[in-house]
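Please look over the model shown here before reading the notes beneath it. They are arranged by topic.

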Amino acid sequence: MVECVVLSGPSGKITQFLLFLCCCGILAFKYYWDRGGRTVMEFLLDSSKQVIASGWIHLLNLGFALKLEAHYRADGDECDWYWLNIVLDCTIGVALNYFLLQLLTSIASSFVPEKAAELRTGEYRDDKGAFVPGTYLKQLAVWMVVVSIMKVCMLLLMVFGHSFLLQLAQLILIPFETSAEAKLFVVMIVTPLLMSAFQFWVTDAFISKKSDVPGLAAGEPDDDDFEQDGHGGRTKIDHG
């Protein structure tokens, strides 16, 4: 078996930058796929929270992969640990992020109810429609706490379940064990691209603003604002 190590230096940075551009493309595609509901500014603010948090998690993943490989050297290489970090973060981690976001937002709103409106994820404007930078920064801080707690939980999961998880990773990656280059390509390009695309898409769905009308997308007009004629056409009603 050939030992695989994660990319470092210029080649690693270029690879990660290209993956970053791909993930930004996924978010842009989702924005147009949703057919509106958010302004471009709201989309960029939502996306920036994910991008900043992903950069932080990426640094932690690289560090954890190196430390775990050094601690459990006989069990797996750096690529095994990096692959586990990515897969766990983008599956169990996404579900945990959703739960933690709801929990922390609820707790914060209970202790400071007058600030509850500022903690509604994806909403960055005051009652007059003006953008409030402080509201964005508070939501960003909450999100960074969420992903940091999630990462600690995933680290504990890997430490206490390292034997089973490494066997699972090695079983899935076994077709590439004879080539360090092939394994590295799967671990640092294919897996992060697919997993991050899933993570960004799902996360964007629950950190963006919600409609006040159940079942209605944010920004989408209510059916009560239209009347239907005998030919099936719809005309907007002027309530003024």
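The points below concern confidence, two helices and one loop residue.

This is a predicted model, and across the protein the pLDDT averages 80, with 81% of the residues scoring at least 70. The weak stretch to keep in mind is residues 212-226, where pLDDT stays under 50 and for which the model has 23 contacts beyond four places in sequence.

**Helix α1 and its nonpolar patch**
- I14, F17, L18, F20 and L21 together make a nonpolar patch of about 480 Å² on the surface.
- L18, one of these patch residues, belongs to helix α1, which covers residues 9-33.
- L18 counts as partly exposed because its relative accessibility is 47%, a value between the 20% limit for buried and the 50% limit for exposed.

**Helix α3**
- Helix α3 (residues 78-90) has 13 residues, which at 1.5 Å a residue should span 18 Å, and its end C-alpha atoms are indeed 18 Å apart, so the expected and modelled spans agree.
- This helix is mostly covered, given that 13 of its 13 residues are buried.

**V132 in the loop between α4 and α5**
- V132 sits in the loop that links α4 (92-111) to α5 (133-160), and with a relative accessible area of 25% V132 is partly exposed.
- Leaving aside residues up to four places away in sequence, V132 touches Y124, R125 and D126.
- E118 lies 14 residues from V132 along the chain, and the C-alpha atoms of the two are separated by 9.1 Å.

How values were computed: Residues are numbered from 1 along each chain as its sequence is written. This is a predicted model: local features need pLDDT of at least 70, side-chain atom pairs count only at pLDDT 80 or more; totals for chains, interfaces and linings use all residues. Side-chain values use heavy atoms; hydrogens and water are left out. Patches are made of residues with over 30% relative accessible area and no salt bridge: like charges are joined within 9 Å, nonpolar side chains (Val, Leu, Ile, Met, Phe, Trp, Tyr) within 5 Å. Accessible areas come from the Shrake-Rupley method with a 1.4 Å probe; for residues, only the protein chains shown count as cover. A salt bridge is a side-chain nitrogen of Lys or Arg within 4 Å of a carboxyl oxygen of Asp or Glu. Helices (H or I, at least four residues) and strands (E, at least two) are DSSP runs, numbered from the N terminus. Buried means under 20% relative accessible area, exposed over 50%, partly exposed in between (1.4 Å probe, protein chains only). Contact means heavy atoms within 4.5 Å. The expected span of a helix is 1.5 Å times one less than its number of residues. pLDDT is the predictor's confidence in each residue, from 0 to 100.
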